[in-house]
Amino acid sequence: MTTETQYITLGNVTKAASLLRDVVLETPLQKNQFLSEKHEANIVFKREDLQEVRSYKIRGAYHKISSLSAEELEQGVVCASAGNHAQGVAYSCKAKEIKGVIFMPTPTPNQKIEQVKMFGGEYIEVVLIGDTYDDASDAATEYCHKNKMSFVHPFHDIKVIEGQATIALEILAQSKMPIDYLFLPVGGGGLAAGVSSIFKAVSPKTKIIGVEPKGAPSMSVSFANGFNTKVENIDKFIDGASVQKVGDLNFEICKDHLDEMVTVPEGKVCQTILDLYNKNAIVVEPAGALTTAVLDLFSVEIKGKNVVCLISGSNNDITRTEEIKERAMLYSGHKHYFIVKFPQRAGALREFLNDILGPYDDITHFEYSKKHNRESGPAIVGLELKNPNDLGELTARMKRRKFFGEYLNDKPDLFQVLV
């Protein structure tokens, strides 16, 4: 264990909790009856999605800003974020009546920008710059140095980690029984580093599992390599937990304290978002669903155990709903896309509808491009199947009647271009 790692102490986190007492909510630890029955375990949610800023990020942001000197506070703070961290910093700036400059990527949804402005009010300025978080972060760092302001990093900072660690104290105080398993979402690693440090000190028998998106496995890759590794190409769909490289300090702490790192497919996360809403009326963002999406992988292992899943946030943009539904159906095998070659003759479409599609199959997408002087014309067709097991026979019928062109679901590069 590194010397720096030892700085995440129970004493320091207890002090952080005292400082945050009048700022953050003590979020509930709630039993989830549906998942408990499904997995035959006692499964409870730590509801950080119920914070005023709808995520746990307020804890680290406020604690970091509170650690600054009077002179540093006078100069103001800077951060870069596309979402939850920006809201936490904005809220903290207004609460402490200090200037904050928040850099966000230009494509950030307007809903998130307006939330940041609402929480910060007159005390913050939002700067939209660059196409990605990295672009915004570079600009924020340059601005920070030029104006001699303090940078509030979303995860690679000891004070931020201590703030996030206060969640562990609440969980341990609220739980009426020993905790066998603790599932934590992992993005940059600040939350996992802080919470796992306290659990290993106070509840060392708890097995701690870190959960990442399959498309952004930065901590998992670093664990496998034995050193903190940058993952060049990541899927940014689960934006609250998708980073190319975790914090160096965060990696060292997590390497010492997490018992296991696992990944979950983005489609499974999307299905979990829909299930949580439909079955429990709980609205979560993609990162907030990671710890429940992974439970199926551990169903045998957690049977009869006491399990805590940390629900990290609920800042879900409603405009993403259709994409979430689409990804969920692709993952479950209910939705499929094909390039269909329609013979250039009258009645070909009728033949496809009557003789190839099953009685409960539904066309949800159709783009047709007719080429003259060709024997067949290609169309991109999206189909929704009532039973995913019908795919094999559907494909076979298309091939027998010479309609089959390409199956697009397992060709992600082509899929992204055509659909």
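A search of the whole structure, which is a predicted model, finds 26 salt bridges. Three of these pairs are set out below, with the separation of the closest N and O atoms.

| Basic residue | Acidic residue | N to O separation |
|---|---|---|
| Lys303 | Glu40 | 3.7 Å |
| Arg59 | Glu170 | 3.1 Å |
| Lys279 | Asp275 | 3.8 Å |

**Salt bridges between parts apart in sequence**

Lys303 forms a salt bridge with Glu40. Lys303 is located in the loop between α13 (290-293) and β10, while Glu40 belongs to the loop between α2 (33-39) and β2 (42-47), so this pair ties together parts that are 263 residues apart in sequence.

Glu170 forms a salt bridge with Arg59, with the closest N and O atoms 3.1 Å apart. Here both partners are helical: Glu170 lies in helix α8 (residues 158-174) and Arg59 in helix α3 (residues 57-66), so the pair joins parts that are 111 residues apart in sequence. Both Glu170 and Arg59 are buried. These two residues also belong to a network of salt bridges that links them with Lys46 and Glu48.

**A salt bridge within helix α12**

The side chains of Lys279 and Asp275 meet in a salt bridge at 3.8 Å, N to O. Both residues lie in helix α12, four residues apart, which corresponds to about one turn of the helix. Lys279 is partly exposed, its relative accessible area being 44%. Asp275 likewise counts as partly exposed, at 27% relative accessibility.

**Helix α14 and its surroundings**

Helix α12 (266-280) also features in the setting of α14: together with β11 (335-343), α12 is included in what covers the buried residues of α14. Those buried residues are Ile324, Glu326 and Ala328. Helix α14 comprises the twelve residues 321-332; at 1.5 Å a residue it should span 16 Å, and its end C-alpha atoms are 17 Å apart, which agrees. After α14 comes Gly333, whose phi is positive, near 85 degrees.

**Arg320, in the loop before α14**

Arg320 is found in the loop between β10 (306-311) and α14. Is Arg320 buried or exposed? At 16% relative accessibility, Arg320 counts as buried, because the cut-off for that class is under 20%. The side chain of Arg320 reaches the backbone oxygen of Phe237 at 2.5 Å. Phe237 is also among the contacts of Arg320 when neighbours within four places in sequence are left aside; Asp239 and Pro286 are the others.

Key. Residues numbered from 1 in each chain as written. Predicted model: local features only at pLDDT ≥ 70, side-chain atom pairs only at ≥ 80, totals over all residues. Heavy atoms only, no water. Helix = DSSP H or I, 4+ residues; strand = E, 2+ residues; numbered from the N terminus. Expected span 1.5 Å × (residues − 1). Buried < 20%, exposed > 50% of the residue type's maximum accessible area, 1.4 Å probe, protein only. Contact = heavy atoms within 4.5 Å. Polar contact = N/O pair within 3.5 Å; in protein donor to acceptor, adjacent residues only side chain to side chain. Salt bridge = Lys/Arg side-chain N within 4 Å of Asp/Glu carboxyl O.
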